[in-house]
Amino acid sequence: MGSPKKVRVQTLLEKKQAGEKIVAITAYDYPTALLVDEAGVDMVLVGDSVGNVVLGYESTLPVTVEEMRHHVRAVRRGIKKALLVADMPFLSYQASIAHAIENAGLFLKDGAEAVKLEGGTLTIVQIVRALVDVGIPVVGHLGFTPQWVHQFGGVRVRGRRSDEAKRLIDMALALQEAGCFAIVLELVPEEVAALITERLTIPTIGIGAGRHCDGQILVLFDLIGMLPGWSPRHAKRYAEVGDLIHHAVATYAEEVREGKFPAPEHTTHMSPEELERLKQLLQGEK
Ligand code: KIV
């Protein structure tokens with residue numbers, strides 16, 4: 001069951017302590033925000049995956065702060081209960097602490113309650129510390145972090161090797177120490193995600209990180225089957241919404257072409273008196 005009350009940063013920590021799973025999902029617009037909030041998720045992330053699944057980019061790298069803000073504001077209007085987190089896009093936080101604070105602050109002004117940023121290197125840990133220090137709650141993101149795709153040499157599971165896994169554990173501890181209130185673990189072996197989850201006091205939220213994280217997050221369009229064909233191995237398609245949309249639009253097209261739509265019940269009429277007056281007006285113009 002979803003949380004009966006407004007979810008806050010502290011609610012997620014309480015859920016970890018109580019052993020209750022955290023349910024998170026992405027959303028990008030007002031109608032889907034309304035739907036996911038009513039369905040009772042705990043956390044909604046306006047992910048920079050908007051670049052891939054909504055804007056048609058090949059990666060998340062081109063996504064801008066302005067594009068993200070447009071979507072964050074739309075999602076804000078649809079959410080009453082869930083905790084709203086805005087993803088900080090590539091180059092909106094890496095260049096300097098001041099730049100990161102200014103951009104993260106804009107997302108909070110737009111109604112986000114926290115921001116998420118990718119990575120756990122020294123630079124990122126310092127940025128997290130500075131954001132938390134000025135009152136901006138931060139979700140960390142480790143494992144396969146899409147903004148690092150070129151550095152990693154493609155989309156790959158991170159932490160298969162013991163030295164890489166150890167580095168992930170160290171980065172998770174450093175992010176927690178810097179003040180993150182939760183960490184997303186993406187494409188990480190289940191064993192590594194379990195070890196991180198066990199060692200942290202803050203919750204882990206997994207995507208392709210197995211069963212033992214404190215919560216799970218999926219990209220909404222993967223879960224509802226919005227886009228045709230391929231979906232990632234870690235995602236379960238709970239519906240085929242893309243097929244439903246295709247069928248609805250194809251039927252509409254067929255009915256328009258056959259003159260079946262609009263039918264009388266979709267049509268408005270003038271009163272016979274007004275129609276008669278109009279005819280007389282037109283007649284008078286001749
Ligand atoms: O951008 C996004 O949707 C994300 C999730 C995959 C966690 O970062």
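This is a short talk on the fold, the salt bridges, the cysteines, the backbone exceptions and one surface patch of a single chain.

A word on the source first: what you see is a predicted model.

I'll start with the overall picture. The chain has twelve helices and eight strands. Its C-alpha atoms, taken along the principal axes, fill a box of roughly 85 × 40 × 40 Å. The radius of gyration is 24 Å, where a compact globule of 286 residues would come out near 19 Å. As for packing, 48% of the 286 residues count as buried. Take the contacts with a separation of 6 or more: 59% of those are between residues 24 or more positions apart. On the outside, the chain exposes about 15,300 Å², and carbon and sulfur atoms supply 58% of that area.

To give a sense of distances inside the chain, take R76. R76 sits in helix α4, which covers residues 65–78. R161 is 85 residues away from R76 along the chain, and the two C-alpha atoms are separated by 40 Å. What does R76 contact, leaving aside neighbours within four places in sequence? The list is L84, D110, G111 and E113.

Next, charges. Side chains of opposite charge can pair when their charged atoms come close. In this model there are 17 salt bridges. I'll go through three pairs and one network.

The pair I would look at on screen is D87 with K116, a salt bridge at 2.9 Å, N to O. This pair links distant parts of the chain, with D87 in strand β3 and K116 in strand β4, residues 114–116, at a separation of 29 residues. Both of these residues, D87 and K116, are buried.

The pair E20 and K15 also forms a salt bridge, at 3.2 Å, N to O. Here the two ends differ in exposure: E20 is partly exposed, at 42% relative accessible area, whereas K15 is buried, at 8%.

Then there is E164 with R158, a salt bridge at 3.6 Å, N to O. E164 is partly exposed at 21%, and R158 counts as buried at 18%. The cut-off for buried is under 20%, so these two values fall on opposite sides of it. Beyond the single pairs, E66, R69, R73 and D110 are joined into one network by salt bridges that share partners. D110 has already come up, as one of the contacts of R76.

On to the cysteines. How many disulfides does a search of the whole structure find? Zero. Take C180: the closest cysteine sulfur is in C213, 15 Å away, so the two are too far apart for a bond. Seen from the other end, the closest cysteine sulfur to that of C213 is in C180, again at 15 Å. C180 is buried, with a relative accessible area of 3%, and C213 is buried as well, at 1%.

Now the backbone. Most residues other than glycine have a negative phi, and most peptide bonds are trans. There are a few exceptions to show. L91 has a positive phi of about 70 degrees although it is not a glycine. L91 lies in the loop between β3, residues 83–87, and α5, residues 97–109. L187 is also not a glycine, and its phi is positive at about 50 degrees. Where is L187? In the loop between β6, residues 182–186, and α9, residues 190–199. L187 is buried, at 14% relative accessible area.

For the peptide bonds, the one from F261 to P262 is cis, with omega near 0 degrees. P262 is in the loop between α11 and α12, the latter covering 272–285.

F261 brings me to the last item, the surface. F261 belongs to a nonpolar surface patch together with I245, V249, Y252 and V256. The patch has about 440 Å² of accessible area in all. One of its members, V249, is found in helix α11, residues 241–257. Is V249 buried or partly exposed? Partly exposed, with a relative accessible area of 48%.

To close, two items to keep in view while rotating the model: the buried pair D87 and K116, and F261, which is in the nonpolar patch and precedes the cis bond to P262.

Technical notes:
Residues numbered from 1 in each chain as written. Predicted model: local features only at pLDDT ≥ 70, side-chain atom pairs only at ≥ 80, totals over all residues. Heavy atoms only, no water. Patch = residues over 30% accessible without salt bridge, like charges linked within 9 Å, V, L, I, M, F, W, Y side chains within 5 Å. Areas by Shrake-Rupley, 256 points an atom, 1.4 Å probe, with all protein chains shown as cover. Salt bridge = Lys/Arg side-chain N within 4 Å of Asp/Glu carboxyl O. Helix = DSSP H or I, 4+ residues; strand = E, 2+ residues; numbered from the N terminus. Buried < 20%, exposed > 50% of the residue type's maximum accessible area, 1.4 Å probe, protein only. Disulfide = S-S within 2.5 Å. Rg over C-alpha atoms; globule rule 2.2 N^0.38 Å. Contact = heavy atoms within 4.5 Å.
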